[in-house]
Amino acid sequence: MEVLGIDIGGSGIKGAPVDTDKGTLLAQRYRLLTPTPAKPQAVAETVAKISKKFNWKGSLGIGFPGVIRRGVTLTAANIHDDWVGLNAAKFIKKVTGRKTCIINDADAAGLAEITFGAGKDRQGVILLVTIGTGLGTAIFSDGHLVPNSEFGHLEIDGVEAEWLASDAARKRENLSWKKWGHRFNHYLQTMEKLFWPDLIILGGGISKKHEQFKQYITVQAEVIPAQMMNEAGIIGAAVGACKYGN
Ligand code: BGC
């Protein structure tokens with residue numbers, strides 16, 4: 001099947017047509033800046049521009065940076081509050097004129113890695129953490145997703161993990177790889193004490209920098225970088241949004 005995968009992020013909105021059987025992009029991805037403020041109308045119009053760019057007539061599979069249940073946005077940590085309570089699937093369908101399915105962005109990236117990437121053919125409990133503007137998580141047990149886990153908001157010493165250990169935190173505080181690596185390791189240690197995953201996959205743009213910080217990671221679980229890098233969000237949204245979303 002061919003679906004236009006779209007990844008809505010804190011800084012950019014990216015899309016490309018995806019072959020959902022092979023998990024590959026059918027054309028080079030197209031990226032536009034996330035509008036500020038990132039209100040529903042402005043974001044949906046940006047999605048429509050991406051759809052028009054590919055002259056798309058089929059469905060859209062969207063990854064969104066918040067909790068999504070049956071098409072409705074329930075949280076919006078790094079995007080405008082106006083999304084909360086909105087049926088995002090229906091709203092984007094109205095603006096774009098395309099059938100729209102929507103799921104959480106980290107769940108989308110996780111589905112791509114489990115189906116085609118670093119978690120392919122792996123059993124047991126797998127935790128995927130996407131490190132970007134926020135910290136997104138996806139949890140799988142023997143390949144089955146438990147949707148909408150939000151462990152980037154886990155409080156560590158009274159502070160949200162996302163505030164301390166996201167890539168945005170590293171940039172905001174100008175942290176060395178060593179300092180950030182220790183912080184992120186503390187987060188993974190906390191998650192390990194609670195979930196005991198067999199495998200941890202690290203995604204987001206920072207997965208390219210795995211070599212810079214892997215020496216600071218001391219958890220017992222095997223920790224590996226995501227394989228699909230920037231494309232996981234797009235591919236997973238195309239593959240998973242209609243299956244797991246509304
Ligand atoms: C949101 C998650 C999202 C993550 C990555 C967090 O702030 O609450 O839903 O997956 O950021 O975008």
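1. Asp167 is a good place to start: its relative accessibility is 11%, which makes it buried. Here buried means under 20% relative accessible area, exposed means over 50%, and partly exposed is in between (1.4 Å probe, protein chains only). Please keep in mind that this is a predicted model, in which local features need pLDDT of at least 70 and side-chain atom pairs count only at pLDDT 80 or more, while totals for chains, interfaces and linings use all residues. Residues are numbered from 1 along each chain as its sequence is written, and side-chain values use heavy atoms, with hydrogens and water left out.

2. Which residue forms a salt bridge with Asp167, the closest N and O atoms being 3.3 Å apart? The partner is Lys171. A salt bridge is a side-chain nitrogen of Lys or Arg within 4 Å of a carboxyl oxygen of Asp or Glu. Lys171 is exposed, at 58% relative accessibility, whereas Asp167 counts as buried. Both sit in helix H5 (residues 167-172); because they are four residues apart there, about one helical turn separates them. Helices (H or I, at least four residues) and strands (E, at least two) are DSSP runs, numbered from the N terminus. Arg170 joins Asp167 and Lys171 in a network of salt bridges.

3. The structure has nine salt bridges, and two others are worth a look. Lys14 pairs with Asp7, with 3.8 Å between the closest N and O atoms. Lys14 is buried at 14% relative accessibility, and Asp7 is buried too, with a relative accessible area of 12%. For Glu211 and Lys214, the closest N and O atoms of the bridge are 3.3 Å apart. Here Glu211 is exposed, at 57% relative accessible area, and Lys214 is partly exposed, at 40%.

4. Now to the rings. Rings of Phe, Tyr and Trp (its six-membered ring) pair if their centres lie within 6.5 Å; planes under 30 degrees apart count as stacked, over 60 as edge-to-face and the rest as tilted. By this rule there are eight aromatic pairs. One of them joins Phe64 and Trp83: the pair is tilted, with 4.9 Å centre to centre and 55° between the planes. Phe64 belongs to strand E5 (residues 60-64) and Trp83 to the loop between strand E7 (72-73) and helix H2 (88-96), so this pair ties together parts 19 residues apart in sequence. Phe64 is buried at 0% relative accessibility, and Trp83 is buried with a relative accessible area of 0%.

5. Phe151 and Phe195 make an edge-to-face pair, because their ring centres are 4.8 Å apart and their planes meet at 70°. Distant parts of the chain are linked in this way: Phe151 is in the loop between strand E11 (144-146) and strand E12 (155-156), Phe195 is in helix H6 (residues 177-195), and the two are 44 residues apart. Phe151 is partly exposed at 22% relative accessibility, and Phe195 is partly exposed with a relative accessible area of 30%.

6. A cluster is also worth finding in the view: ring pairs link Trp177, Trp180, Phe184, Tyr187 and Phe213.

7. Finally, two charges sit over rings (NZ of Lys or CZ of Arg within 6 Å of the ring centre and within 35 degrees of the ring normal). Lys53 lies over the face of Tyr30, 4.8 Å from the ring centre. Arg172 lies over the face of Trp163, 3.4 Å from the ring centre.
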